[in-house]
Amino acid sequence: MGPVVRRPVAWILALVLFVEALGVAALNWFLGIVVDRQDMSLAGLDPDAMSVSSKVGGIVFGLYFALCGVVALLVALRDRAPAGFGRILLISVAVVHGLLAAFAWGLVGPGAFVSLVVVLGLVVLLLMTYDRLEAPSEGNPEPGAGKDEGPGPIAPAAPNPS
């Protein structure tokens, strides 16, 4: 998979992560409203605290997925590998999708599992296509090509004065 695949994968991943950010935030906000309107307690927890924590969690995870989408969008626009914090974010979102897929198989079903694994595959594909070093062209060899790059001759050790 060469440079032809890189940019479309980055564009698709950015779009998917933005949609996922909106979906996660909206779902948690909706669940917070449901908990608030039912006014029920779960194991003695305050319903207002559960409602607020669901809404805050939705906003935090929505912003996290949106930030990962911004990283993928920048990769698509620049056509360069993500570096530093952006690379860490993409690796972390891959791990999150792997864990969510494992839980989704048992809790939600195979449909959610497949969709999460597809997003995981897109993230891994994006990271792997930019990891490959392109071979140098024949007219432009790498610096030092053809030279012996061994350690060189070993000098004898200096005598110990003691």
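The following paragraphs lead through a predicted model, from its overall architecture to a nonpolar surface patch and one of the helices that contributes to that patch.

The protein contains four helices and zero strands, and its order along the sequence is α-α-α-α. Of its 162 residues, 27% are buried. Contacts between residues at least 6 apart in sequence are joined in 70% of cases by residues at least 24 apart. The accessible surface amounts to about 11000 Å², and carbon and sulfur atoms account for 71% of that area.

On this surface lies a nonpolar patch of about 660 Å², formed by W11, L67, V70, L74, L77, F85 and I88. Two helices, helix 2 (47-78) and helix 3 (85-107), each provide at least two of the patch residues. Helix 2 gives the largest share, with four residues. W11, also a member of the patch, belongs to helix 1, which spans residues 3-38. The relative accessibility of W11 is 41%, and this residue therefore counts as partly exposed, a class that lies between the limits of 20% for buried and 50% for exposed residues.

Helix 3 can be followed further. Its 23 residues extend 32 Å from the first C-alpha to the last, a span close to the 33 Å expected at 1.5 Å a residue. While helix 3 contributes to the nonpolar patch, it also has buried residues, namely G86, L89, L90, V93, A94, H97, A101 and A104. Just beyond the end of helix 3, G109 adopts a positive phi of about 135 degrees.

Note on methods:
Residues numbered from 1 in each chain as written. Predicted model: local features only at pLDDT ≥ 70, side-chain atom pairs only at ≥ 80, totals over all residues. Heavy atoms only, no water. Patch = residues over 30% accessible without salt bridge, like charges linked within 9 Å, V, L, I, M, F, W, Y side chains within 5 Å. Areas by Shrake-Rupley, 256 points an atom, 1.4 Å probe, with all protein chains shown as cover. Salt bridge = Lys/Arg side-chain N within 4 Å of Asp/Glu carboxyl O. Buried < 20%, exposed > 50% of the residue type's maximum accessible area, 1.4 Å probe, protein only. Expected span 1.5 Å × (residues − 1). Contact = heavy atoms within 4.5 Å.
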